[in-house]
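Open the model in your viewer and keep the selection tool at hand. The stops below go from one chain to the other, with the contact between them on the way.

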Amino acid sequence: MERRDFLKLCALAGLGIAAPIGLTRNAYGEGGITEGPYYLVFNADGGWDTSSLMDPKGVNDINRLYREGDIRTEGPHRFAPTAGRFERGMSNEAFFAKYGRDLLTLNGLDYSTNNHDPGKRYMATGKLDSLVYPTFAALVAASKGSDVPLAFVSFGNYSATGNLLPLSRISNIGQLSLLGLPDHHRGNVSNPYHEEDFVQRRIQQALKEEHEAQGARAQLPRVERSQSMLYAAQLNATTLSRLLPYIGDEQPEEALSRQANIALAGFKAGVCVSANLNISRFDSHDDNDSIQMQVIPELLAGIDYAVERAEALGIRDKVVIVIQSEMGRTPWYNENGGKDHWSIGSVMFMGPGIRGNRVLGATDDGQKLLKVNPDTLALDAGAGGIHIRPEHLHQALRTYAGIEDHALAARFPLNLAAAERLNTLW
Amino acid sequence: MDAFARNGILRTFLLVALIGACTEGTLGALDDSDAPSSRDTAGGGDAATNADAGADGATSPDALGPIDDCPPLERFFENEVWAKVAEPTCVNCHIAAGPAANTALVLRTRVLDPDYLAHNQAAFEALAAQPSEGHGGLSRLLVKVSGGLEHGGGAVVAPGTRAYEILESFVARVADPEHCDPTTEPPYEQPEFFDAVTMISDQRLLRRLTLSLGARLPSAEEIAQVELGGLGAIETVLDGLMKEQAFFTRLKEGFNDIILTEGYDGPSELVLSWEHFRATRGWPAGMPYEVFATYRDVIRSEPLELIAHIVREERPFTEFATADYIVVSPYTARGYNVFDQVKDSFDDPQDPYEFIPFRLPSLTDSITGEVLQESPTGFYPHAGLLTTFHFTHRYPNTDTNRNRLRSNTVFQIFLGTNLLDAIPAVSDAAATSTQFDNPTMQAPDCVVCHKRLDPLAGLYQDYNNVGDFRVPRDGWYTDMFVPGFDGEDLPTDEKWRALQWLGERIAGDPRFPITMVEHVYQILFGRKVLVAPQDVNSALFDAQRRAYLVQRAMIEQVAARFVTANYNLKDVFKALAVSPFYRAGAIEGPIVDPRRRAELDDLGGSKLLTPEQLDRQLKAIFGRTFRPLLMDFTILYGGINSSQITARLSEPSGSMGAIQRVIANDIVCDLAQEEFNKPVELRLLFAKIEPSVRPDGSAADRALIRQTIVDLQQRLLGRNLSLDDPEVERTYALFDDVVTEGQRLIAAGEAHDRVSYMCGGQQPYRNPADPHFTIRGWRAVMTYMIRQHDFLYQ
């Protein structure tokens with residue numbers, strides 16, 4: 001059996017084989033290039049207070065920052081007023097004014113759990129009861145760019161890959177500068193370690209021969225997989241340098257913006273398909289309002305930075321943004337002025353092909369969810385209404401990304417009934 | 001049920017019948033007497049002798065028989081009902097410690113009862129045979145799982161799903177033992193589990209172990225020992241290895257991956273509370289920074305040093321949960337204000353890294369001396385890790401969390417159970433939260449976890465949110481399940497030592513030894529043990545479950561040895577190290593059937609070295625390290641910081657590949673010239689050759705080059721190759737080509753005849769003559785080898 005056929009068989013069988021090397025190399029013989037779309041997943045880590053953002057409640061003492069009459073609107077979007085209530089970041093007013101027309105908001109999302117880890121897992125993968133499902137970001141990266149060097153970059157939060165591809169962690173730009181030229185002393189182009197260029201090329205040739213010799217042998221799956229991933233990783237290493245020109249001259253101060261900066265440079269360079277961005281500190285069991293007024297503006301500023309940066313790099317029309325959290329916060333305050341975990345929340349999307357200026361779903365005055373008709377996406381308290389859950393969103397995301405029928409997606413089915421699919425979500 | 005659905009069930013069923021038992025041939029190496037040789041396939045002849053030791057005592061290979069459309073009911077129950085429905089769904093509640101403990105269906109689990117399957121099958125049969133009133137006489141089993149008859153857990157198996165169809169088939173078979181349908185699934189000739197799997201050589205195993213656990217290459221004596229004694233000598237070698245300091249470094253590092261106490265988010269000395277230790281916890285204040293830094297280092301490491309102490313002294317590892325002491329060093333003893341009491345017990349009271357056991361007196365106000373802790377013994381009621389301040393500070397609490405994080409962490413670390421893994425999808429959890437006065441004690445969706453989580457949480461009631469010991473002024477919460485453990489309430493007179501009470505129960509729990517084996521497995525294999533497959537619709541479910549059960553059987557057997565050895569953790573390392581799971585290295589031919597591939601998918605001890613392990617390996621082989629690896633690059637290379645980043649990466653990304661390239665270039669940058677600058681007797685790598693030996697020299701020169709390549713392959717990669725091995729030929733060609741082209745460039749004036757001064761700093765060898773380009777040729781050879789799988793993976 002040809003090795004390629006063998007690999008195909010294994011892929012069809014749903015086994016964790018790394019992408020065969022050499023099938024989609026670029027002109028340099030290095031990692032592949034992706035033309036987009038690119039996916040940015042913003043995670044509000046800890047559980048956001050949606051009543052302080054896109055699902056305002058001015059009644060029942062749900063939110064003490066404002067009253068019903070203070071609630072602001074921008075087209076169909078209703079949001080909590082936050083201008084002047086924080087020191088750093090972006091107000092809701094500014095955010096919705098700037099992006100409301102691009103933004104699809106879904107309120108009344110049923111997280112189905114009140115716990116951080118399961119909630120993160122569920123929101124990231126669409127599967128609550130599995131520890132092996134990949135995140136959407138990993139799945140789309142593997143499906144759309146398995147030979148792209150930094151296909152899936154994560155800066156935190158649930159980042160399972162389903163054994164489909166390696167995860168990349170990049171914590172600062174300085175490291176990239178050093179690693180962008182790994183065959184040169186301290187990343188200095190004038191100081192190649194092996195002095196003469198032909199030496200490095202000859203080493204690479206020997207490694208290729210050695211890799212092929214290993215590949216020709218029957219191996220245990222784990223060894224075969226790791227050899228393939230190792231070879232790809234080293235081959236792809238030099239492509240890191242492609243990313244460096246797209247790192248801006250001035251580095252943003254905020255952590256979330258720094259993450260976005262690296263991810264977008266990777267997108268622009270075509271070496272990255274998706275990125276998991278993370279901002280923590282949302283878990284406001286004490287002093288909820290003060291904490292949410294720190295982190296929500298910081299989150300929005302990070303999103304704003306990402307969009308602006310994408311615009312500057314000329315790829316805004318290729319960047320898909322998902323803004324989510326693993327849970328909401330209670331519609332009441334505890335004795336410490338905090339809010340505890342609540343299993344109802346919201347999610348927001350922006351990107352090419354996503355019709356913005358829309359708000360779907362809702363919660364009532366007690367911040368309990370209202371059912372939605374999956375066909376019309378209108379509120380439907382009758383028998384046709386369903387709770388929108390993460391699996392509904394993930395099925396829709398897979399459809400949106402064009403990967404719902406991909407062999408890799410088929411390995412991690414969401415088992416959603418056809419009648420529950422949100423076919424008109426986008 | 002339509003014909004298609006029936007066929008689906010039966011296809012799966014036939015696969016199960018064919019794949020069947022998980023019991024064969026897995027554990028030969030766990031018993032010295034029948035350990036296979038290094039090239040043995042671990043199945044084969046061992047299959048029969050090991051059958052009973054295999055999975056769960058339910059099925060033996062002999063019982064499989066030929067392809068059978070209608071296997072016995074017990075097989076159907078085990079592989080279909082239990083594996084695909086009951087274990088993933090019903091066990092969450094229907095166990096003695098679960099919220100459904102008072103119902104008619106109380107199941108038993110594998111770890112607590114070897115005969116669990118027979119018991120559970122009988123319970124299911126009884127339920128299946130009962131018609132239910134008001135539901136057309138439908139089996140009570142089917143009505144209950146779909147939410148009828150006031151099933152406390154609501155609808156857990158929906159009609160029309162695969163799981164429901166399995167139950168339908170089970171009900172039909174209970175009613176009619178002849179019930180059966182044909183199948184169209186192509187047969188799978190199930191081999192014995194380790195069939196065609198070849199083991200790494202004993203010498204390669206030895207090298208893997210000495211590098212992994214001892215941070216060094218094997219000694220000549222150890223090589224000879226294994227040469228003489230084969231696999232049987234490995235345990236003897238390990239006995240010596242596990243007395244070396246490097247082993248304890250690895251042990252602590254490995255256990256920190258599990259307990260993560262190094263990730264406490266604060267100055268180390270603050271694990272000692274202000275109230276009890278304010279007078280002494282900052283004792284190095286005003287001293288040189290190095291003293292304070294060392295103090296912080298050692299006090300943070302105390303829980304890991306406790307583990308090292310238990311293992312070093314070969315004490316029962318149950319002390320992980322029960323030790324009635326902590327360990328203190330001369331520095332940390334000052335923090336606890338007990339130095340004067342213990343200083344004479346240290347071998348060297350000036351050594352901040354020497355740890356000895358010590359029982360703290362019950363806690364008092366560090367200034368006034370007021371007794372703040374009730375203790376009939378006068379001592380702090382230590383219970384291993386459970387009562388260390390490091391643990392409670394690493395896993396802090398909030399007023400609403402009420403110690404549940406601590407509780408779940410105890411379940412994970414000591415009993416291998418993450419209660420949040422099994423959390424069910426709740427139908428509108430928010431509505432549930434408001435529907436009940438006290439959801440955590442009343443709402444079935446909540447009770448499923450809280451009934452187990454909250455009692456243990458209550459045992460930590462005397463530790464405040466940050467982790468200090470402080471008895472709550474108003475007592476513990478009354479709107480939670482009362483303090484206790486797994487269905488047993490904490491006796492009132494044990495409250496002052498609640499965590500000791502817990503530790504005693506953990507030590508006696510059958511899950512404890514299994515969990516400890518799983519921890520050592522993670523340390524050795526670099527990954528966690530398999531979890532049971534969950535997708536019952538997958539065509540590979542049965543193959544994956546077989547892999548899971550075979551591994552489970554091995555874990556359980558090692559756990560049994562661990563218990564027999566009085567919980568000596570070193571026995572677990574030894575048993576796992578010689579198991580075929582660790583030694584599996586290759587397969588004799590291509591794996592054609594995807595089901596076979598799925599069975600073997602996780603097999604083998606191959607793992608990407610962690611940054612720390614790679615650093616030590618560089619030191620062991622080259623006598624030097626690449627410093628940025630444990631500084632700037634640790635996280636980027638897949639390491640952890642024990643707080644925000646707690647999971648190691650197991651496969652390299654492009655950025656990790658870049659680090660590998662940097663290391664492979666940098667570590668050898670001046671290595672060859674340094675080596676050749678040394679007297680022959682001091683060289684590590686080039687003791688037999690000089691730079692003057694060239695490929696275009698004599699036949700003896702070429703032979704010497706080949707021999708040097710063989711030696712390098714052995715030292716760097718652990719390969720024992722012959723002079724005419726293709727890999728030696730490939731390496732020789734690399735050296736030859738580099739040297740030949742280099743010489744041509746020198747002759748043409750396009751390359752220098754000296755090595756660049758870029759590497760080597762101020763060393764005298766930094767810029768030596770290299771007229772034949774051979775120094776640079778050897779450098780290329782070493783870079784080539786370092787970048788290979790055999791170097792970067794264990």
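Select chain A and colour it by secondary structure: eleven helices and 13 strands should appear. This is a predicted model, so keep in mind that confidence varies, a point taken up at a later stop. The radius of gyration of chain A is 23 Å, and the globule rule gives 22 Å for 426 residues, so chain A is as compact as a globular protein of that length. Turn the C-alpha trace of chain A along its principal axes, and the spans are about 70 × 45 × 35 Å.

Stay with chain A and consider how its residues are packed. Of its 426 residues, 58% count as buried. Take the contacts in chain A between residues at least 6 apart in sequence: 68% of them join residues at least 24 apart.

Now colour chain A by pLDDT. The average is 89, and 93% of the residues score at least 70. Select residues 1-29 of chain A, where pLDDT stays under 50. For this stretch the model has 46 contacts beyond four places in sequence.

**The nonpolar cores**

Which residues have the most contacts inside the largest nonpolar core? Select Leu40(A), Ala263(A), Cys272(A), Ile321(A) and Val781(B); the core they belong to has 165 residues. Next select helix α9 of chain A, residues 288-313, which gives this core its largest share, twelve residues. Chain B takes part as well: domain 3 (611-666) and domain 4 (671-792) of chain B each provide at least three residues of this core.

Zoom in on Cys272(A). Neighbours within four places in sequence aside, Cys272(A) is in contact with Val148(A), Leu150(A), Ala151(A), Val153(A), Ala263(A), Gly266(A) and Phe267(A). Apart from this core lies another, of 141 residues. To find that other core, select Phe255(B), Leu306(B), Tyr395(B) and Leu415(B), which are among its members.

**Where the chains meet**

Show both chains together. How many residues of chain A are in contact with chain B? The count is 75 residues of chain A, against 74 residues of chain B. On the side of chain A that touches chain B, select α1 (3-12), α3 (116-125), α5 (173-179), α6 (197-216) and α7 (221-237), each of which supplies at least two residues. The largest share of that side, eleven residues, comes from α7(A). Colour this side of chain A by class, and there are 36 nonpolar, 26 polar and 13 charged residues.

**Chain B and its domains**

Hide chain A and select chain B. Its secondary structure comes to 34 helices and six strands. Of the 794 residues of chain B, 51% count as buried. Among contacts in chain B between residues at least 6 apart in sequence, 67% join residues at least 24 apart.

Colour chain B by its domain assignment: domain 1 (245-313 + 325-358), domain 2 (389-507), domain 3 (611-666) and domain 4 (671-792). Keep domain 3 and domain 4 of chain B on screen; their centres, taken over C-alpha atoms, are separated by 25 Å. Eight residues from domain 3 of chain B and eight residues from domain 4 of chain B make up the contact.

For the last stop, select α28 (611-622) and α29 (654-666) of chain B. Each supplies at least two residues of the side of domain 3 of chain B that touches domain 4 of chain B. The largest share of this side, five residues, comes from α29(B). By class, the side has four nonpolar, three polar and one charged residues.

Key: Residues numbered from 1 in each chain as written. Chains lettered and ligands numbered in written order. Predicted model: local features only at pLDDT ≥ 70, side-chain atom pairs only at ≥ 80, totals over all residues. Helix = DSSP H or I, 4+ residues; strand = E, 2+ residues; numbered from the N terminus. Rg over C-alpha atoms; globule rule 2.2 N^0.38 Å. Buried ≥ 20, exposed ≤ 12 C-beta atoms within 10 Å, placed from the backbone. Contact = placed C-beta atoms within 7 Å. Core = buried A, V, L, I, M, F, W, Y, C linked by C-beta atoms within 7 Å. Domains from an automatic or database assignment. Nonpolar A, V, L, I, M, F, W, Y, C, P; charged D, E, K, R; others polar. pLDDT = per-residue confidence, 0-100.
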